[in-house]
Structure formats: C-alpha cells, structure tokens
Amino acid sequence: MIADGVEDEEKWLAAGIAGLQQNAFYMHRALDSNNLRDALKYSAQMLSELRTSRLSPHKYYELYMRAFDELRKLEVFFKEETRRGCSIVDLYELVQHAGNILPRLYLLCTVGSVYIKSKEAPAKDVLKDLVEMCRGIQHPVRGLFLRSYLAQVSRDKLPDIGSEYEGDADTVVDAVEFVLQNFTEMNKLWVRMQHQGAAREKEKREKERSELRDLVGKNLHVLSQIEGIDLDMYKDTVLPRVLEQVVNCKDEIAQYYLMDCIIQVFPDEYHLQTLDVLLGAFPQLQPTVDIKTVLSRLMERLSNYAASSADVLPEFLQVEAFAKLNNAIGKVIEAQPDMPILGVIILYSSLLTFTLHVHPDRLDYADQVLGACVKKLSGKGKLEGNKTTKQIVALLSAPLDKYDIVTALKLSNYPRVLEYLDTETNKVMATVIIQSIMKNKTRISTADRVEALFELIKGLIKDLDGAVLDEVDEDDFKEEQNSVARLIQLLHNDDPEEMFKIICTVRKHILGGGPKRLPFTVPSLVFSSLKLVRQLQGQEENPFGEEESTTPKKIFQLLNQTVETLSNIPAPELALQLYLQCAEAANDCDLEPVAYEFFTQAYILYEEEISDSRAQVTAIHLIIGTLQRMHVFGVENRDTLTHKATGYSAKLLKKPDQCRAVYACSHLFWVDDQDNVKDGERVLLCLKRALRIANAAQQTSNAARGNTGSVTLFVEILNKYLYFFEKGNPHINVAAIQSLVELVTTEMHSETSALDPAANAFFASTLRYIEFQKQKGGAVGEKYEPIKA
C-alpha cells in the first residue's frame with residue numbers, strides 16, 4: 001500500500017509539473033508580447049496547480065520551487081510594465097480579480113513586492129495588507145508555502161532603520177509587527193497539521209512537520225537580521241511575543257524547535273540580558289519537550305560567549321547568570337518528575353561547564369552543581385547504561401580540564417559523585433584522572449592529598465565490590481596498572497618526613513591490590529622509596545635525637561616488608577631483583593647488616609622459589625653483578641656471600657651456564673677500586689674451574705652428538721684471562737694465556753669440532769686485540785710481547 005501511495009504521489013507530482021509548465025509556456029508567450037491580460041490569466045492557471053492537497057510537503061516543495069522561479073520572471077515583467085506607464089495601483093487591483101484565492105494571493109504578493117519598490121505607498125501599509133490577506137488560506141501546507149513566499153519577497157523591503165523603505169519614527173515597530181504576525185500565523189498552520197488525519201498516521205505527520213519546520217523558523221532569522229531591533233525592543237516586544245506564541249501553541253515539536261531557534265538566531269548578549277524571561281518560559285513548556293537539550297545549548301552558547309572575551313565576564317556577574325540558570329534547572333527537573341537520570345546529568349554537566357568558563361575562581365559554584373547532582377542521584381544505586389555513564393564521565397572530567405586534580409580534590413562533592421559509578425566506569429574515570437595528572441605534570445606533595453587521590457582511583461588499585469578480575473582484557477589491565485605505577489613516580493615532596501608519609505599512604509593502598517596488581521605497583525613504590533634513601537644518604541641518624549625522624553634504616557625496614565609481599569604471591573624473580581636493588585642502596589648508605597639481610601632474603605628466594613633453569617641463570621648473574629659492586633661488607637660476610645654465589649654457579653643445570661657463571665664469579669675476588677678485594681689466587685682457581693667445566697661440556701656434547709661443539713666457552717675464558725692479566729693479577733701469567741691460545745687453536749682445527757663462524761670471528765678478534773696491545777709499546781707492549789698469537 002505504501003508503494004502504491006508513493007507511485008500515486010509521483011504521478012500527481014508529474015501531472016502538476018506538466019500543468020504548471022504548460023501554463024508557464026503560454027505565460028512566457030504573453031510576457032514576450034507584452035500582453036498583460038493573458039500573462040495574468042496563464043499565471044493564475046499555472047498557480048492553480050499549487051491548490052493540490054494530494055502531495056506530501058516534500059513533493060509539494062518541488063512543485064512550489066518551479067512556480068517560484070516563474071513568479072520571479074513575472075515580477076520582472078511587472079516592474080517593466082510600471083516603467084512603461086502602467087499604474088502599479090491599478091495592477092495591484094487587477095490581480096485581485098483572479099478566480100481562485102491561492103493564485104490571487106501569490107500574484108498579490110508578487111505585485112506587492114513591486115508596489116513597495118515603487119514607493120508609491122508606504123511599505124508598512126502594503127505589508128500589513130498582504131499579511132492580512134494571506135489569512136484567506138487556512139490549509140496548513142498551502143498556507144505555509146504562501147506565507148513563506150511572502151516572507152521571501154518582503155525580507156529586503158522591510159521598513160528597517162537605514163533601509164530605503166524606512167518610513168516615520170516607528171518604522172522598525174512596523175517591520176517587527178509584520179514579521180511577528182507572519183510568524184504567528186505560520187506557527188498556527190504548522191501546529192494545526194498535527195491534529196489533522198487519522199491517529200495511526202501520527203508518525204507520518206510528525207515527519208512531514210519536521211520537513212516544514214524551517215519555513216516557520218525562517219521568520220525568527222529575519223527578525224534577528226532587523227538592524228533596528230535593539231536590546232530594549234528585543235526585551236520588551238520581540239522576545240515576549242515570540243515566547244507567548246511558543247508557550248500558547250502547546251505543541252511539543254513546535255516548542256522544542258522554536259526554543260532552539262530563539263537560542264541559535266539571536267545574539268548572546270541579548271540572551272544574557274533577558275535570561276529571566278527566557279528561562280521563565282521553560283517550566284511552562286509541555287512535559288514531553290526535550291528541555292534538557294535546549295537548556296544545554298543555551299548554556300553552551302553562553303559559555304562560548306564568556307570564553308570569547310574577558311570583557312564580557314562582568315555582565316554575567318551583573319545579571320547573576322549562574323544563580324538564574326541553577327534555579328531554572330531545579331524548576332525544570334521539579335516540573336518533570338519522570339525525567340530520566342541521563343537528562344538530569346546532561347543539565348548539570350552543561351551548568352558545570354558554564355560555571356567553569358564564567359566563574360573559574362568560584363569553586364563553591366562548581367561544588368554546588370556537583371552537590372545538586374549527588375542529591376538527584378541519591379537512592380538510585382549504581383548508574384548503568386552506556387550513555388549515562390559516558391555523561392557522568394564528561395561531568396567529572398570538566399573540572400580536570402579547567403583545573404588540576406589538586407584543585408578538583410577541594411570539591412567536597414567530587415568523590416561523592418564517583419560513588420555512583422559502576423566498576424567499569426570507575427576505572428575509566430580513574431584513568432582520566434591519572435592522564436590529567438600526567439598531562440598537567442601536577443605536583444601532589446602531601447600525604448593527605450595522596451590519600452584523597454587514591455580514594456578517587458581505587459577502581460584501578462583494588463577489586464571493587466562484585467568485580468571479577470578474570471573478565472578483564474589482559475592488555476587493558478597492563479595499561480591500567482602501568483599508569484598507576486607511573487603515577488606513584490610522580491608523587492614527591494622535598495621534605496623527607498612528608499615524603500615518607502606519602503610512601504606509607506601509597507603502600508597502604510596498593511598492598512590490598514591482589515596478586516595480579518602487585519608486580520606492577522610494588523616496583524614503582526620500591527624505587528620511589530630508594531629515591532628518598534638516596535636523598536637521605538650520608539645523613540646522621542636522628543640528628544635531633546627524635547625517634548620519629550625518617551632515616552634510611554626506617555625506610556629499609558618498610559622496604560623489606562613490602563618486597564616480602566611479592567615473594568608471597570609468588571613473584572620470586574621480581575622480588576629477588578628488588579632485594580638486590582635495596583642491598584645496593586644499603587651498601588651506599590654504609591648499612592652492612594641491612595645489606596646483608598637483603599642478600600640473605602635474595603639467596604633464600606633463589607634456593608626455595610626459583611626452580612626454572614633460565615630464571616636461575618638470570619638470577620645468579622644478577623647476584624654476582626650486585627655482590628661485585630658491594631664495598632660495605634667485612635671479610636667474613638663477604639666470604640659467606642661469595643662462597644654461596646660460587647656454589648650456586650657450579651650447580652646450574654647446563655654445563656655452559658655453569659661455566660659462564662663460574663668465570664663471572666672470578667670478579668668477586670678482584671675488584672678494581674677495593675684494595676682489600678684482590679685475591680689473584682682465587683681468581684685463577686675460578687678460571688681453572690671454568691676451564692674444567694668447559695672441557696666437561698665438550699665431552700658431554702661429543703658423547704651425545706658425536707662432535708665437541710663450539711669453542712666459544714674457551715674463547716670467553718681466554719678473554720677473562722686477558723682482563724685479569726691486564727689488571728695486574730700476578731697469578732695470571734703469559735704461559736697460562738699462551739697455553740689457552742694454543743688449546744683454542746687446536747680445538748678449532750680438530751675434526752670433532754663443530755663449525756661455528758661466530759666463535760671463529762670472536763677468537764680472531766681476540767688475537768687482533770693481543771697484537772694491538774703489543775704495538776702500543778711501553779709497559780703494555782712489553783707485557784704482551786711474549787704472547788705468540
């Protein structure tokens with residue numbers, strides 16, 4: 001049936017266009033032969049096609065535009081007729097003899113346009129006559145298009161100030177009166193469409209009305225262009241008359257559209273000065289009107305106006321804009337008890353944005369808006385729905401865009417709004433807060449502020465009620481936790497006492513984060529604490545004898561307990577690395593017992609928790625590297641730790657790993673900048689042991705694969721020999737190096753040796769180094785001279 005209706009409409013439109021074109025053709029012939037009577041006859045017949053009731057507004061518009069083009073040509077002809085001596089008054093009378101009222105009124109408007117231009121009668125009289133005559137058409141679609149034509153032909157002929165058609169002193173009043181009268185009549189016709197036809201066609205009618213709304217709105221645009229309308233006239237005449245029509249029409253579509261038009265077409269300063277009148281209309285609108293969107297647009301325009309220049313801000317204070325808008329929103333929400341919570345949040349979000357633009361110094365205003373929001377949210381439970389949560393994130397993000405988080409924390413109602421967010425939105429908001437801190441490089445430097453901040457971002461720090469971590473995307477989770485770790489690094493205070501309080505506050509919050517979060521957040525806290533230790537380095541313990549004073553020892557005690565939580569998760573590899581970092585810091589503070597305790601903890605983890613062979617290799621090299629840099633240990637403690645490290649090295653699973661760990665241990669017995677750690681004999685023992693393990697590795701390879709494998713291990717050991725030879729170890733002599741060079745050469749040419757280009761290149765590079773040292777001359781050259789490469 002719909003398809004049939006569309007086809008019929010197309011046929012009717014085609015028939016209408018055909019009739020119009022045929023009569024237009026005869027009209028052109030009459031125009032060309034200057035035959036006025038025929039021109040009027042055929043133009044009236046042409047315009048009779050617009051009398052149809054069968055077309056939808058969209059199709060009617062097509063027909064109207066064709067007629068409009070023809071009427072422009074007719075208007076030019078009428079102008080020429082008056083030049084040729086035809087009386088415009090007679091012509092104005094003559095067109096009124098057309099048989100049908102619709103063609104008669106189109107012709108009357110066309111001649112009226114020429115009449116005003118001729119200035120033979122005041123523009124206001126002709127316009128008044130025309131706007132009254134148009135009442136003869138009461139069919140909504142035909143009447144709207146006719147009045148739209150009247151508005152179109154008269155818009156440049158209004159008796160405005162500075163216009164060539166300006167009349168006596170009240171000329172602007174006449175222009176305004178004409179436009180307002182036309183607007184009122186058009187709005188009545190537009191609203192009447194809603195109440196015609198069957199109830200089942202309501203949706204179709206609303207669509208048709210939506211297509212015609214710009215014809216009505218155009219009048220308000222014309223009004224806004226009249227130069228003579230000053231603020232007083234707008235306040236006393238224009239706005240009250242327009243609002244009266246909007247409120248009295250009691251039509252949802254018309255009220256929404258026209259209120260939006262008023263806000264968009266008239267100047268911002270006029271809105272500001274007539275805020276009382278404009279806002280007073282909102283509670284009188286139909287309950288179904290989408291007031292929140294219109295009000296939001298008004299506040300958005302005023303916000304932009306305030307942002308455009310600092311000079312306009314006193315005007316906002318003068319008219320008490322915030323109080324009026326706040327009051328209006330309260331009344332609108334009260335008048336619409338069924339307004340969804342989304343609408344309430346949109347309104348308060350717009351008001352908050354307005355407040356931040358206009359009164360950035362009035363934090364109490366911003367807090368008042370958030371407080372009103374909390375009041376409306378109370379008793380609603382957690383907010384749900386994608387649009388609602390997005391809007392509340394926008395509301396809470398607004399203060400962060402204007403201020404930094406430190407200022408936002410002064411808003412007492414800010415955390416109270418956050419309480420209504422569901423777990424997912426809570427995390428989104430926490431991420432927004434952290435991003436704001438990083439973007440603005442905000443300095444959060446007191447424990448109280450850190451406490452308040454971590455309460456706001458608790459969605460990222462621990463599992464909230466009912467949250468299930470397993471459902472979270474792994475990449476998103478890592479990104480969230482990394483952002484928390486970055487945040488911890490940004491917290492700083494130059495005062496050690498306050499910084500220690502900050503560390504304790506952060507620790508309290510993150511330790512409840514559960515086994516998945518701790519590996520991300522604990523390292524950041526540890527390094528932040530170590531930064532404080534470096535700051536305190538060298539400071540005398542309790543310089544004023546105060547027990548509560550922050551000392552490195554006190555921080556290390558806290559660190560020991562903190563890192564221990566990682567070993568309980570378990571995350572032994574990470575805990576071991578952090579224990580070694582703490583040991584190194586304790587070494588720099590000359591705290592031998594503390595450093596020894598951290599090493600002990602690292603060794604316990606190695607022995608009891610780290611069973612994977614690769615992890616063991618990494619861990620033993622970290623232990624050796626850290627221990628080698630330690631200078632705080634006495635002979636006994638150092639021997640104990642070194643002995644343990646060499647023991648672990650020899651017990652690694654794979655022979656090559658054993659070999660490398662054992663020759664790395666040689667550095668534990670010879671440290672350049674420590675004269676008391678230069679035991680050449682034990683260095684040689686380590687290297688010889690490494691050689692034995694390398695030999696054993698070859699034999700194992702030969703037994704398993706039929707070849708001795710690569711000679712890389714021997715070349716690596718040769719390089720260690722050269723290092724200690726150069727450092728002056730008396731137990732590493734030329735003979736030992738020479739025999740090792742020959743061993744590698746023999747092995748490389750052995751039939752059982754596997755081809756390894758990388759090992760060959762490494763050995764060749766080592767030999768080149770020996771030659772280079774010989775060529776240096778002096779003591780170094782003499783030392784290397786006996787070695788035959």
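Buried means under 20% relative accessible area, exposed means over 50%, and partly exposed is anything in between (1.4 Å probe, protein chains only). Keep in mind that this is a predicted model, where local features need pLDDT of at least 70, side-chain atom pairs count only at pLDDT 80 or more, and totals for chains, interfaces and linings use all residues. Residues are numbered from 1 along each chain as its sequence is written, and side-chain values use heavy atoms, with hydrogens and water left out.

**View 1. Lys458 and Glu455 share a salt bridge.** A salt bridge here is a side-chain nitrogen of Lys or Arg within 4 Å of a carboxyl oxygen of Asp or Glu. For Lys458 and Glu455, the closest N and O atoms are 3.7 Å apart. Lys458 has 28% relative accessibility, so it counts as partly exposed. Glu455 is partly exposed too, because its relative accessible area is 38%. By this rule, the count comes to 32 salt bridges.

**View 2. Lys292 reaches Asp290 in another salt bridge.** Here the N to O distance is 2.8 Å. Asp290 is at 28% relative accessibility, which means it counts as partly exposed.

**View 3. Lys774 and Glu771 pair up within helix 37.** Helices (H or I, at least four residues) and strands (E, at least two) are DSSP runs, numbered from the N terminus. Helix 37 covers residues 757–775, and the two partners sit three residues apart in it, about one turn of the helix. Their side chains meet in a salt bridge at 3.5 Å, N to O. Lys774 counts as buried because its relative accessibility is 16%, whereas Glu771, with 32%, is partly exposed.

**View 4. Glu132, Arg135, Glu185 and Lys188 form a network.** What links these four residues is salt bridges.

**View 5. Phe77 and Phe78 make a tilted aromatic pair.** Rings of Phe, Tyr and Trp (its six-membered ring) pair if their centres lie within 6.5 Å; planes under 30 degrees apart are stacked, over 60 edge-to-face, and the rest tilted. The count comes to 27 aromatic pairs by this rule. In this one, the centres are 6.2 Å apart and the planes make an angle of 50 degrees. Both Phe77 and Phe78 are buried.

**View 6. Phe556 and Phe598 meet edge-to-face.** Their ring centres are 5.7 Å apart, with 70 degrees between the planes. Phe556 lies in helix 28 (residues 552–568) and Phe598 in helix 30 (residues 592–608), so the pair ties together parts that are 42 residues apart in sequence. Both of these Phe residues are buried.

**View 7. Ring pairs build a cluster.** Its members are Tyr60, Tyr61, Tyr64, Phe68, Tyr106, Phe145 and Tyr149.

**View 8. Arg362 lies over the face of Tyr365.** A charge sits over a ring if NZ of Lys or CZ of Arg is within 6 Å of the ring centre and within 35 degrees of the ring normal. Arg362 is 4.2 Å from the ring centre of Tyr365.

**View 9. Gln255 is tucked into helix 11 (residues 252–265).** Gln255 has 0% relative accessibility, so it counts as buried. Contact means heavy atoms within 4.5 Å. Leaving aside neighbours within four places in sequence, Gln255 is in contact with residues including Val246, Cys249, Leu285 and Val289.

**View 10. Leu130 belongs to helix 6 (residues 123–133).** Leu130 counts as buried because its relative accessibility is 2%. Beyond neighbours within four places in sequence, its contacts are Tyr92, Leu108, Cys109, Gly112 and Leu150.
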